[in-house]
Amino acid sequence: MGGIPMLAAFTCPAALADETVTVGGSRAVLIKPAAPRGSVILLPGGNGAINAGDNGEIRGLRGNQLVRTRHAYAARGLAVLVADVSTDLRSAVDYMAAIKRPVVVIGTSRGTLRAAEGIARGARPNALVLTSGFLSPESGSGSNVMAILGSPAALPRTLVIHHRQDSCRFTLPAGVDPFIKWSAGRARVSWLTGGVAEGDPCQARGHHGFNGLDGQVVGLAGGFR
């Protein structure tokens, strides 16, 4: 769920430098192509604290699956905002909408809970991607997207990306189908297999963090509108 520092799978061209911005009174990190075709807001897992420095540095959760692949989304022509745990999602959606719609929120692990909480408080992204999510009671936790939203009527068009061998006790694959059924047609799932599992099953180097599968995750999430 948190980030173990690991080598970034992608590099960012010099023209697409990370910059620190203030959104809703909180620091976040922005990557903005010259002519973006859309925007994504990345909500990391773990404690959600990216600890942004003054010049676009991310000093926390650097190994988190979304943090380590942020430049790959920018390389697809998307404006990217890496949000901090204290970033108000409604403000973040408005901020990125002013850059380029559609705005897609992508949350992973505990970031899926923050996505649901933000939507419950009024954030209105065009679409939502939930990876390794706390989706339903069957996922293994009483705190889950279904419980936070209460009704599928609040759910935007949603893509679930899940690893069939995710063994984190809070994001078990058994939680996916009940969520899809609950969504009343608003959500669909893309299952992934393979990759490498190392260490804690709830951390970035396990199947939970799609270790070895970053390109597939970015392709699915970055292409969802």
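So, the largest nonpolar core: it has 32 residues, and the ones that touch the most other members are I41, L81, L89, V105 and F179. Keep in mind that what we have on the screen is a predicted model. There is also a second, separate core, with 30 residues, and V29, Y73, I106 and I161 are among them.

Let me stay with F179 for a moment. What does F179 contact, once we leave aside its neighbours within four places in sequence? The list is L130, L135, S136, V145, M146, L155, T158, V160 and A187. F179 also has an aromatic partner, W182, and that pair is tilted, with 5.6 Å centre to centre and 35° between the planes. The two sit in helix α6, 3 residues apart, so about one helical turn separates F179 from W182. Both F179 and W182 are buried.

The count of aromatic pairs comes to 2, so what about the other one? That's F134 with F170. Why do we call this pair stacked? Because the ring centres are 5.7 Å apart and the planes are at 10°, and the cut-off for stacked is under 30 degrees. F134 comes from the loop between β6, residues 127–131, and α5, residues 145–149. F170 comes from the loop between β7, 157–163, and α6, 176–182. So this pair ties together parts that are 36 residues apart in sequence. F134 and F170 are both buried.

F170 has more going on around its ring. R110 lies over the face of F170, at 5.4 Å from the ring centre. And S143 is 9.1 Å from F170, C-alpha to C-alpha, with their positions 27 residues apart in sequence. S143 is in the loop between β6 and α5. Buried or exposed, then, for S143? Neither, really: at 34% relative accessibility, S143 counts as partly exposed. Apart from residues within four places in sequence, S143 contacts L113 and F134.

There's another arginine over a ring, by the way. The charged end of R157 sits over the ring of F224, 4.8 Å from its centre.

Now, R110 brings us to helix α4, which covers residues 110–120 and is mostly covered itself, with 8 of its 11 residues buried. Those are G111, T112, L113, R114, A115, A116, G118 and I119. Where does the cover come from? It includes β3 (38–43), α3 (89–99), β5 (103–108), β6 and α5. Just after α4 you get G122, with a positive phi of about 115°.

On to the disulfide; the count here is 1. C168 and C202 form it, with their sulfur atoms 2.1 Å apart. The torsion about the S-S bond is about 95°, so the disulfide of C168 and C202 is right-handed. C168 is in the loop between β7 and α6, and C202 is in the loop between β8 (187–192) and α7, so the pair ties together parts that are 34 residues apart in sequence. If you're wondering about access, C168 and C202 are both buried.

That loop between β8 and α7 also holds F210. F210 has a positive phi, about 55°, although it is not a glycine. Its relative accessible area is 0%, so F210 counts as buried. L61 is another non-glycine residue with a positive phi, near 60°. You'll find L61 in the loop between β3 and α1 (65–68), and L61 is buried at a relative accessible area of 11%.

Next, helix α7, residues 214–222, which contains D214. What does the side chain of D214 contact? It makes a polar contact with the side chain of R68, at 2.8 Å. D214 is buried, with a relative accessible area of 9%.

Last stop, S39, over in strand β3. S39 is at 0% relative accessibility, so it counts as buried. Not counting residues up to four places away in sequence, S39 touches L78, A79, M96, I99, K100, P102, V103 and V104. One of those, P102, lies in the loop between α3 and β5. A cis peptide bond joins R101 and P102, with omega at about 0°.

That's my tour, and I'm happy to take questions.

Technical notes
Residues are numbered from 1 along each chain as its sequence is written. This is a predicted model: local features need pLDDT of at least 70, side-chain atom pairs count only at pLDDT 80 or more; totals for chains, interfaces and linings use all residues. Side-chain values use heavy atoms; hydrogens and water are left out. Rings of Phe, Tyr and Trp (its six-membered ring) pair if their centres lie within 6.5 Å; planes under 30 degrees apart count as stacked, over 60 as edge-to-face and the rest as tilted. Helices (H or I, at least four residues) and strands (E, at least two) are DSSP runs, numbered from the N terminus. Buried means under 20% relative accessible area, exposed over 50%, partly exposed in between (1.4 Å probe, protein chains only). A charge sits over a ring if NZ of Lys or CZ of Arg is within 6 Å of the ring centre and within 35 degrees of the ring normal. A polar contact is a pair of N or O atoms within 3.5 Å; within protein, one must be able to donate a hydrogen and the other to accept it, and residues adjacent in sequence count only if both atoms are side-chain atoms. A disulfide is a pair of cysteine sulfur atoms within 2.5 Å. A nonpolar core is a set of buried Ala, Val, Leu, Ile, Met, Phe, Trp, Tyr and Cys residues joined through side-chain atoms within 4.5 Å. Contact means heavy atoms within 4.5 Å.
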